[in-house]
Protein chains: 2
Amino acid sequence: MNKSVHGLAPVRQEAAPLRRKITSALRRAIETGALAPGSRLVEKDLCADLDVSRTSLRESLRELEAEGLVTNGSKGLVVTAISPREARNIYAVRGVLEGLLMEQFAREADDAAMARLDAAVTELAAAYEAGEIERIIASKADFYEVLCTGADNMIVLELLSRLNTRINRLRFASLSQPLRAKASIAEIFALAAALRRRDGAEARRIALAHIDAAACAALGAVQIHPPAEEATP
Amino acid sequence: MNKSVHGLAPVRQEAAPLRRKITSALRRAIETGALAPGSRLVEKDLCADLDVSRTSLRESLRELEAEGLVTNGSKGLVVTAISPREARNIYAVRGVLEGLLMEQFAREADDAAMARLDAAVTELAAAYEAGEIERIIASKADFYEVLCTGADNMIVLELLSRLNTRINRLRFASLSQPLRAKASIAEIFALAAALRRRDGAEARRIALAHIDAAACAALGAVQIHPPAEEATP
DNA sequence: TCTCATATGTTTGTCGTACAAACTGATGGT
DNA sequence: ACCATCAGTTTGTACGACAAACATATGAGA
């Protein structure tokens, strides 16, 4: 997508409509837990807090509703709570999506994509090293962006982003374990190496293991991807 | 979810908010092609057509935007056009999601789920037989609902629904081929048989083949799931 | 005192209007 | 034929209004 021959990053969107900022603000609040799962979202209060009109606020709430971050229960809008089962399913889905992504990237990525991958991996490793959770999440988003662009599969990017917003609260938990961080770096490097070798199957295996580990860290679950996943004769 | 011991279907939501009806109406219009891909969505016109206020209409548009059915280009809102590449990716993603779904269902479904599956398959086959496209799509939605409920994975249901709204226009094309219909019935029965045997791997293989065939019918593409998909040593 | 019904307040869903800013297209001068 | 200005359209945002659904408090009666 980025056809620039220079290393210029695209200019950031300065003039985002107000409702996007509202949506982002609320999304962040939900992800960080400032708005706890299950808590009610009262329009009047949110308008007062954010100092915006109800019109714009409601449009933002519709977006969040469509994203699944808030739910329209019988008692009005509440922040969606994710059950352990749902979390497990999200990790399982991420597994198959990332598996697909790895194989597509290994098959289709061009040299520019590989170069971008290296840069993204380096940055991600630095972020893990630094231990700054916000930065890790941002770097990881970039990392996926690079992967999906290289694989030319924006559908996966969209779905993964959507899933990630839901489990970012859990990720805060798993990412704050320093032990995991060390292991994660190694896994990411191994992943990149496999991709550079264009070994999609191996990359997929590493990605699955990576997600499993993250899921365990986040959920304390034992097995997210049971043996059946591998049983292809 | 449906714990009723009788065969009672849940009561339909009578008092849906107006904006839901608006959203549904627009979604249908897009799916059927009444609103063609690329065509502009002018708020004032839509308000006039649907006879609703701009406030409610705009909330609906935000939902559709979050669903990816409409896109906010530089020239205002337009109906999202799906490129062949995107369509291929959607089919590929459906493949891995349904693969996961099959294995989960085979592993976790209880007797009630199996019974519901049989009913759904019978209905789906009847729909194919009758050749009524609307009915096929509705039955297939039911079919997935049964599968996801049995697999206890609502996340997949949500993602598949989202993907399906995007490619329903293509499905109109592929489903109208009577030859495909015959083959589809056989595939669906084989799928159900494998699930009843709890043979997740086989069910997954059939599902992949089914999607491949559908994709070919819709896109004229040759291969959506290349060999790498099977290459698990 | 406990219970129920009524009154009161709060929240949501919908509408209409308004207006600034961005964008579009038309008009007209050179 | 080209450009500049002007008017119309479209979007983004805000406000105020009101009915209906819902919640809460209040008070009457058992």
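## A loop residue in chain B

Let's start with B:D152, which sits in the loop between α6 (133-151) and α7 (154-175) of chain B. Keep in mind that this is a predicted model. Although B:D152 is not a glycine, its phi is positive, at about 55 degrees. Is B:D152 buried or exposed? Partly exposed is the label here, because B:D152 has 17 C-beta neighbours inside 10 Å, and the label "buried" needs 20 or more.

B:R198 makes a nice companion to look at. You'll find B:R198 in another loop of chain B, the one between α8 (178-196) and α9 (200-219). B:R198 also has a positive phi, near 60 degrees, and is a residue other than glycine. With 15 other C-beta atoms within 10 Å, B:R198 counts as partly exposed.

## How chain A is built

Now over to chain A. Its secondary structure comes to nine helices and two strands. If you walk along the sequence, the pattern reads α-α-α-β-β-α-α-α-α-α-α. Of the 233 residues in chain A, 36% are buried. And here's a number about how the chain folds back on itself: take the contacts in chain A with a separation of 6 or more, and 72% of them are between residues 24 or more positions apart.

What do the two strands do? β1(A) and β2(A) form a hairpin, with two residues between them. Strand β1 covers residues 70-73 of chain A, and four bridges join it to β2(A), the two running antiparallel. To spot one of these pairings on screen, look for A:T71, whose bridge partner in β2(A) is A:V78.

## Two domains

Chain A is split into domain 1 (15-79) and domain 2 (84-230). Their C-alpha centres lie 28 Å apart. Where the two domains touch, domain 1 of chain A brings six residues and domain 2 of chain A brings five. On the domain 1 side of that contact you'd count one nonpolar, two polar and three charged residues.

## A buried alanine

A:A151 belongs to helix α6 (residues 133-151) of chain A. Why does A:A151 count as buried? Because it has 24 C-beta neighbours inside 10 Å, and 20 or more is enough for that label.

Which residues does A:A151 touch, once we leave aside its neighbours within four places in sequence? They are A:L101, A:Q104, A:F105, A:E108 and A:A109. A:A106 is also worth finding: A:A106 and A:A151 are 45 residues apart along the chain, yet their C-alpha atoms are separated by 7.7 Å.

## Where the chains meet

Chains A and B each put 32 residues into their contact. On the side of chain A that touches chain B, the elements giving two or more residues are α3, α4 (84-108), α7 (154-175) and α9 (200-219) of chain A. The top contributor on that side is α4(A), with twelve residues. Sorted by class, that side of chain A has 13 nonpolar, seven polar and twelve charged residues.

How do the two copies relate to each other? A turn of 180 degrees plus a shift of 0.1 Å along the axis lays chain A on chain B with an RMSD of 0.1 Å. That's the relation of a two-fold axis. The copies meet through the same surface, because 100% of the interface residues of chain A are also interface residues in chain B.

## The DNA strands

Time for the DNA. Around DNA strand D there are 13 residues, and the closest are A:P17, A:L18, A:S53, A:S56 and B:E43. Both chains feature among the elements that give two or more residues to this surface: α1 (18-32) and α3 (54-67) come from chain A, while α2 (43-50) and β2 (76-79) come from chain B. By class, the residues here are five nonpolar, four polar and four charged.

DNA strand C is surrounded by 14 residues, with A:E43, B:P17, B:L18, B:S53 and B:S56 the closest. On this surface, α2 (43-50) and β2 (76-79) of chain A and α1 (18-32) and α3 (54-67) of chain B are the elements that give two or more residues. Which element gives the largest share of the surface near DNA strand C? That's α3(B), with three residues. The surface near DNA strand C divides into five nonpolar, four polar and five charged residues.

Definitions and conventions
Residues numbered from 1 in each chain as written. Chains lettered and ligands numbered in written order. Predicted model: local features only at pLDDT ≥ 70, side-chain atom pairs only at ≥ 80, totals over all residues. Near = placed C-beta within 6 Å. Nonpolar A, V, L, I, M, F, W, Y, C, P; charged D, E, K, R; others polar. Contact = placed C-beta atoms within 7 Å. Domains from an automatic or database assignment. Least-squares fit on C-alpha atoms with pLDDT ≥ 70 in both. Pairing = 2+ DSSP bridges. Buried ≥ 20, exposed ≤ 12 C-beta atoms within 10 Å, placed from the backbone.
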